[in-house]
Amino acid sequence: TLLDTSSPSSWMEFDTAVEFDAFPLGVDGQVFPYQGGYDTGAVNAFAAVVTQLRIKQLCIEDIPLYVRMAAYTLGPLNRGIFSPVIDGVLGYDVLGTFEYIRLDFMAGKVDFSATSPYSPNENLLMTTAKIVSASSYGLAVEGAIFGEPTPIILDIAGSYHFESSKAGAAVTEQVSLGDVVYVNVPTRLPVRGNLPPRAGRLMLEKYIITICPNKGVVYFERPLL
């Protein structure tokens, strides 16, 4: 399963949805089709609910998601990852219900908490970025480009540095997330449409990122060497 904070919705491919006994959502026998802006690879998708999903000892119940009606593949929703096979995506609709999600990229570790709040290590804390509303795009924080304030989507599933629809060069000279300032950031145009700027995993992975939806903040901490 792929964790994708930039996706406002969660997903499963058809066979996995059958395995998890997903049941469709609809009215009068008509299921609700996916009508969002994500590229499903020209394959229909429909709203459903999975009763239970376990991540080690953590149990998530009644997960709303979309089922892509094709077997063995999520198409473009797998973000170009072919090994391991991605058969499900947890988007920010689910991830945003946790007390916190702590991502240590260098250690290859993710910690989830459903109830206990997170207290950052003040000796390692680099900045705190405020979460802002961007329900159509997933997780967004207060940021800036060249000092001009703008919401920036945090895309932990994206294998790139920075993405901007206004990119006029291969690098952006200055991008800020909270008080952390990145300079000369490799930048690409969005692969689809006119999207808000997004910070990809290659930009974020030098820090431990802790997302605290209930507090409305994201902590950036230096990893312990």
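In this predicted model, strand β10 supplies the largest share of the lining of the largest pocket, namely 4 residues. Strands β1, β6 (45-55), β9 (100-104) and β10 (109-113) each contribute at least two residues to that lining. The pocket itself has a volume of about 650 Å³, and of the 25 residues that line it, those closest to its centre are T1, L3, L103, K109 and V110.

The structure also holds 1 cavity of 30 Å³ or more, and the volume of the largest cavity is about 70 Å³. Its lining is made up of T1, W11, M12, V50, L53, I63, L65, G88, V89 and L90; at least two of these residues come from each of β2, β6, β7 (58-68) and β8, with β8 giving the largest share, 3 residues.

The two linings divide by residue class as follows.

| Lining | Nonpolar | Polar | Charged |
|---|---|---|---|
| Largest pocket | 15 residues | 3 residues | 7 residues |
| Largest cavity | 8 residues | 2 residues | no residues |

Several of the strands named above belong to an open sheet of 6 strands, which has mixed pairing and follows the order β1-β8-β2-β7-β6-β3. Because β1 (2-3) and β3 (23-24) stand at the edges with a single partner strand each, one side of each is left without a neighbour in the sheet. Within this sheet, β2 (residues 11-13) and β8 (residues 88-90) run antiparallel and are joined by 2 bridges. M12 stands opposite G88 in β8, and both M12 and G88 are among the residues that line the largest cavity.

Key: Residues numbered from 1 in each chain as written. Predicted model: local features only at pLDDT ≥ 70, side-chain atom pairs only at ≥ 80, totals over all residues. Heavy atoms only, no water. Pairing = 2+ DSSP bridges. 1 Å grid on protein atoms, 1.4 Å probe; cavity = no way out; pocket = protein on both sides within 12 Å on 5 of 7 lines; lining within 4 Å. Points joined across faces, edges and corners; volume = space filled by probe spheres on them. Nonpolar A, V, L, I, M, F, W, Y, C, P; charged D, E, K, R; others polar.
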